[in-house]
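Student: Could you take me through one residue of this model up close, and then work outward from there to the rest of the chain? I'd like one connected walk rather than a list.

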Amino acid sequence: MQSQVQEHAQLLVNHALDLTSGDTVVIISSAEIDDLTTAVCHALGLLGAKPSILNGGNFLTGGDRHLASYLECTESVNIPNALIKMLESADAICHIQGYENPSEFMILSDETIVAHRKEHGQVMRELSESTYTLTQVPTAAGAQLASMGTGEFS
């Protein structure tokens, strides 16, 4: 019997993304959800697809301490061109999201958060021609946001 993580990975690779052997896939992930990222990489390897991993991937979408630290000391909210080019050149993008600490942005002004999310939205609209899938992985922080126990939330 496959574990839930392996089943989730198979669902992403074999159903959510339209992949064939040789396709390149950017996986946007973070350390909290490394088990699913590893399982997706395994499934991609079996298929013959090639993963590139953006670990700490919430830097793109917001919500992690790396991005909060960066935005705290700069006025630039632009997503780097190198990152955009990497995403544009991929055959598919697999975004695996899980909350580490949803309060990381508390140090930022509302204007900074809105500016970053506006920039992110523009990038994601431009990438909409790529095969893109987003999945949410249950974490303790996500359970806390839902006012649930971690087991119940999972």
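**A close look at Thr37**

Tutor: Let's start with Thr37, which sits in helix H2. Bear in mind that we're looking at a predicted model. Is Thr37 buried or exposed? Its relative accessibility comes to 4%, and buried means under 20%, so Thr37 counts as buried.

What does the side chain of Thr37 do in there? For one thing, the Thr37 side chain makes a polar contact with the side chain of Ser29, at 2.4 Å. It also reaches back to the backbone oxygen of Ile33, at 3.3 Å. Leaving aside residues up to four places away in sequence, Thr37 touches Ile27, Ser29, Ile53 and Ile96. So Ser29 turns up twice, as a polar partner and in the contact list, because contact means heavy atoms within 4.5 Å.

Now follow Ile27 outward. Pro51 touches Ile27 too, along with Val25, Cys41 and Leu44, again not counting residues up to four places away in sequence. Pro51 belongs to strand E2, which covers residues 50–55. With a relative accessible area of 34%, Pro51 is partly exposed. For a sense of distance, the C-alpha atoms of Pro51 and Glu119 are separated by 25 Å, and these two residues are 68 apart along the chain.

Cys41, one of the residues Pro51 touches, brings up the cysteines. How many disulfides are there? The count is 0. For Cys41, the nearest cysteine sulfur belongs to Cys94 and is 9.1 Å away, whereas a disulfide needs the sulfurs within 2.5 Å, so Cys41 is in no disulfide. Cys73 is exposed, at 66% relative accessibility.

Back to helix H2, this time for the largest pocket. Helix H1 (4–16) and helix H2 (34–47) are the elements that give two or more residues to the lining of the largest pocket. That pocket has a volume of about 230 Å³. Its lining is made up of Gln4, Val5, His8, Glu32, Ile33, Asp34, Asp35, Leu36, Val137, Pro138 and Ser154. Notice Ile33 in that lining, since its backbone oxygen is the one the Thr37 side chain reaches. By class, the lining has 5 nonpolar, 3 polar and 3 charged residues.

Next, strand E3, residues 92–97, where His95 has its place. His95 is buried, with a relative accessible area of 2%. The His95 side chain has a polar contact of its own, with the side chain of Tyr132 at 3.0 Å.

Two stops remain. Arg65 is in helix H4, residues 65–72. Arg65 touches Glu100 and Glu104, with residues up to four places away in sequence not counted. Asn101 is 36 residues from Arg65 in sequence, and their C-alpha atoms are 8.1 Å apart in space.

Last comes Ser147, in the loop between helix H7 (140–145) and helix H8 (150–153). Ser147 is exposed, at a relative accessible area of 68%. What about the backbone of Ser147? Its phi is positive, about 55 degrees, although Ser147 is not a glycine. Most residues other than glycine have a negative phi.

Conventions: Residues are numbered from 1 along each chain as its sequence is written. This is a predicted model: local features need pLDDT of at least 70, side-chain atom pairs count only at pLDDT 80 or more; totals for chains, interfaces and linings use all residues. Side-chain values use heavy atoms; hydrogens and water are left out. Buried means under 20% relative accessible area, exposed over 50%, partly exposed in between (1.4 Å probe, protein chains only). Helices (H or I, at least four residues) and strands (E, at least two) are DSSP runs, numbered from the N terminus. A polar contact is a pair of N or O atoms within 3.5 Å; within protein, one must be able to donate a hydrogen and the other to accept it, and residues adjacent in sequence count only if both atoms are side-chain atoms. On a 1 Å grid over the protein atoms alone, a cavity is a set of points where a 1.4 Å probe fits but cannot get out, and a pocket is an open set with protein on both sides within 12 Å along at least five of seven lines; lining residues have an atom within 4 Å of a point. Grid points are joined across faces, edges and corners, and a volume is the space filled by probe spheres set on the points. Ala, Val, Leu, Ile, Met, Phe, Trp, Tyr, Cys and Pro count as nonpolar, Asp, Glu, Lys and Arg as charged, and the others, Gly among them, as polar.
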